Amino acid sequence: MAQEPTSSTLDRIHAAAEAEFLEKGYQSASLRQIVKSAGVTTGAFYGYYESKEALFAALVEELYRHVLDTYHDAVFRFEALPPERQVLQMGDTGKTCMQELLCYMDTRRPTFHLILERAEGTPYAGLIDELVALEIAATERYCEVLRGLGKTVPDIDRRLEHMLVTGMMNAYCEIIIHDIPFADAKRYVEELGDFYTAGWLKLMGQ
């Protein structure tokens, strides 16, 4: 029987790094232990990466960017709609985006555990903050769209707005953090979308 092909050196480094980062977090993870677990020399490691930070980035950068780009694109497509269409699709666009992101994150859960729970000390610890900033800016622009349509929209306290959006983003991420099964997770995303849409419409006086 033919032998199974051995994994590449880079694959072994990535697997060892993921295990070490998941167990200890970025700051406490040991590069020496990663190299040892991967069965490679320190010299071989440095042939691929210059630092522990660069290694962590290699594991998470693409997925981190994908989430932000997907959310940004959803906001852009929504805001490209005529104002009347924006009013009609206000809640549906957000739910569609979050369902798309759920499908993406579900098949890559270990990496998203790294981003959401083990990234302290890296630039990737700020995913929720970046999503919150995107959503707050989009919410304020939507309020201006409503006013442009002649609707009365009360001013929303910026502190309250920040708390609500942060809570919303954390709620979505809890689905991954707690490894909610996919079928339940899809339902939760739908229900969270309905909940927050109703709340925002009330705050906006609609």
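Let me start with the lining of the largest cavity: its residues divide into 14 nonpolar, 6 polar and 3 charged. Please keep in mind that this is a predicted model.

That cavity has a volume of about 440 Å³. Its lining is made up of 23 residues, and those nearest the centre are Y71, M90, T93, G94 and E135. Five helices give two or more residues each to this lining, namely α4, α5 (83-106), α7, α8 and α9 (182-203). Helix α5 has the largest share, with 7 residues.

How many cavities of 30 Å³ or more does the structure hold? There are 2. The second largest holds about 120 Å³ of space. Around it you will find V67, Y71, M98, L101, L102, M105, L131, Y172, C173, I175, I176 and V189. By class, those lining residues come out as 12 nonpolar, with no polar and no charged ones. Helices α4, α5 and α8 each supply at least two of them. If you are following on the screen, look for Y71: this tyrosine is among the residues nearest the centre of the largest cavity, and Y71 also lines the second largest one.

Now to the largest pocket. The space in it comes to about 150 Å³. Its lining consists of E140, C143, E144, R147, P154, D155, I156, R158 and E161. By class that gives 3 nonpolar, no polar and 6 charged residues. So here are the two linings side by side: 6 charged residues for the largest pocket, and no charged residues for the second largest cavity.

Which helices build the pocket lining with at least two residues each? They are α7 (127-148) and α8 (158-177). Of the contributors, α7 gives the most, with 4 residues.

Between α7 and α8 there is a loop, and G150 sits in it. Is G150 buried or exposed? With a relative accessible area of 63%, over the 50% cut-off, G150 counts as exposed. For a sense of distance, take Q99: 51 residues separate it from G150 in sequence, and the two C-alpha atoms are 32 Å apart in space.

Next is helix α6, residues 109-117. Because 7 of its 9 residues are buried, α6 is largely enclosed by the rest of the structure. The buried ones are R109, T111, F112, H113, L114, I115 and L116. What do these buried residues pack against? The list is α1 (9-28), α4, α5, α7, α8 and α9.

I will take one of those partners, α4, in detail. A general point first: a pair of packed helices is described by the angle between the axes and the distance between them. For helix α4 (residues 52-79) and helix α6, the axes come within 10 Å and cross at roughly 90 degrees. An angle of 65 to 115 degrees counts as roughly perpendicular, so α4 is roughly perpendicular to α6.

On the α4 side, the residues in this contact are F56, L59, V60, L63, Y64 and V67. On the α6 side they are T111, F112, L114 and I115. Sorted by class, the contact has 9 nonpolar residues, 1 polar and no charged ones. V67 is worth finding on the structure, as this valine takes part in the contact with α6 and also lines the second largest cavity. The α6 residues named in the contact, T111, F112, L114 and I115, appear in the buried list as well.

Notes
Residues numbered from 1 in each chain as written. Predicted model: local features only at pLDDT ≥ 70, side-chain atom pairs only at ≥ 80, totals over all residues. Heavy atoms only, no water. Axes fitted to C-alpha atoms, helices over the stretch in contact; angles between N-to-C directions. Parallel < 35°, antiparallel > 145°, perpendicular 65-115°, else oblique. Contact = heavy atoms within 4.5 Å. Nonpolar A, V, L, I, M, F, W, Y, C, P; charged D, E, K, R; others polar. 1 Å grid on protein atoms, 1.4 Å probe; cavity = no way out; pocket = protein on both sides within 12 Å on 5 of 7 lines; lining within 4 Å. Points joined across faces, edges and corners; volume = space filled by probe spheres on them. Buried < 20%, exposed > 50% of the residue type's maximum accessible area, 1.4 Å probe, protein only.
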